[in-house]
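Me: I'm new to this one, so could you walk me through it with a few questions and answers?

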Amino acid sequence: MILVHNYILAIICCCICCICWGSWANTQKLVATPKWRFELFYWDFTWGVFLTAALGALLLGGPVFIDNLTHLDLGSTGCAMLGGIVWNFANIFLTAAIAIAGMSVGFPIGGGLGWIGGIIFNYLLVILAGHTYPGNQALLWIGVAIIIVAIYLCAKAYGNLTSTRKQTPTKGIVLAVISGIGLIFFYGLVVKSLDPMYVNGGTGTLAPYTGVFFFALGVLISTPIFNTFVMHHPFDGPKLTFKDYLAGSSRTHLIGMLGGLIWMGGMVISFMGSGAANPAISYALSNAAPIVAMIWGVWIWKEFKGAPKGTYPLIGAMFLLFIVGLVLITMSNG
């Protein structure tokens, strides 16, 4: 099994994961049309996620992955799959928020809430277990507070933008918030499924790539349930059928699968260095994806073009606060 044991290389793996998690939605933007909505994109995205996880487990996991499959621990397997199901529920809402409000809004609100919520959740687990938080709590909570302010500024900037377009910002923000609530829990579930010899905090029996594989299997089996429901009860636009999906071109399907490859490629690389990096720092860096998404959304896709005066200072402040919050949270873990 191929794992990174050097600390610096492990941190680089986390940074690559951050870039991947903040960039996959570009593929959704590339194919988005009135006839090819996010619900149709999501089928291809799911296949990309699963196939990348399976390939990563076979190539990087090797004999250890095969051994895990032949000696399955149902508790650990179920925990990893539950992580995938929880993430999938949250990610469908995030994808909907991106389709309605853009990357520079959906990610900072949904991803930001998931980020700080996960930090708070993991902190409570440490305290409830009777342990002391292994780091600087003042820096941690100052960082969390700063990110909360950044999320508020993002919502305010989006409100300014929609006011000029005679739209209400409520739907995009609500979808992003629901996504953020779901994103709080998935990472911890996957980590708990892993063998502690590979990852600090693990309580299961799975090797990293096996955990990622079963996470992706949870995504694969839950997408027909979640996405079919959303197609029949859309957040925006008319009802869709599977016939609409079959009408997509080969290029459109491949770009959707590329999105899944980018996201899952980031997760595979993140777990490659999971044993060498402090899990708390790994979580903080990997979940800094909103910063990457803001760069794409604001500067590349020009999602705030035509926004009223005073909006761009809010965006600049939001971006700066996210970076400061990331630095403080990372520093808090020593």
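What follows is a short conversation about this predicted model.

Me: Happy to start with the inside. Which helix gives the largest share of the largest nonpolar core?

Reply: Good place to begin! That core has 102 residues, and among those with the most contacts inside it are Trp24, Trp87 and Phe215. The largest share of the core is 13 residues, and these come from helix 3 (residues 38-70).

Me: Which aromatic cluster does Trp24 belong to, and what are its members?

Reply: Trp24 touches several residues beyond its sequence neighbours, including Phe41, Phe45, Phe107 and Trp263. Those four residues also appear with Trp24 in one aromatic cluster. The full membership is Trp21, Trp24, Phe41, Tyr42, Phe45, Trp87, Phe107, Phe186, Tyr187, Phe215, Trp263 and Phe271.

Me: How are the rings of Phe186 and Tyr187 arranged: stacked, tilted or edge-to-face?

Reply: There are 27 aromatic pairs in the count, and Phe186 with Tyr187 is one of them, at 6.2 Å centre to centre. Both residues are buried. Planes over 60 degrees apart count as edge-to-face. The planes here stand at 90 degrees, so the pair is edge-to-face.

Me: Now for charges. How many residues apart are Lys29 and Glu303, which meet in a salt bridge?

Reply: The structure holds three salt bridges, and in this one the side chains come to 2.7 Å, N to O. Lys29 is partly exposed at 24% relative accessible area, while Glu303 is buried at 10%. Lys29 sits in helix 2 (residues 25-31) and Glu303 in the loop between helix 13 and helix 14, so the pair links distant parts of the chain, 274 residues apart.

Me: Is Asp236, the salt-bridge partner of Lys171, buried or partly exposed?

Reply: The closest N and O atoms of Lys171 and Asp236 are 3.9 Å apart. Lys171 lies in helix 7 (residues 170-183) and Asp236 in the loop between helix 9 and helix 10, so the pair ties together parts 65 residues apart in sequence. Buried means under 20% and exposed over 50%. Asp236 has 49% relative accessibility, so this residue counts as partly exposed.

Me: One last curiosity: what is the phi of Lys302 near?

Reply: Most residues other than glycine have a negative phi. Lys302 lies in the loop between helix 13 (289-300) and helix 14 (311-332), and is partly exposed at 47% relative accessibility. Lys302 has a positive phi, near 55 degrees.

Note on methods:
Residues numbered from 1 in each chain as written. Predicted model: local features only at pLDDT ≥ 70, side-chain atom pairs only at ≥ 80, totals over all residues. Heavy atoms only, no water. Core = buried A, V, L, I, M, F, W, Y, C linked by side-chain atoms within 4.5 Å. Buried < 20%, exposed > 50% of the residue type's maximum accessible area, 1.4 Å probe, protein only. Helix = DSSP H or I, 4+ residues; strand = E, 2+ residues; numbered from the N terminus. Contact = heavy atoms within 4.5 Å. Phe/Tyr/Trp six-rings, centres within 6.5 Å; stacked < 30°, edge-to-face > 60°. Salt bridge = Lys/Arg side-chain N within 4 Å of Asp/Glu carboxyl O. Lists of a residue's contacts leave out its neighbours within four places in sequence.
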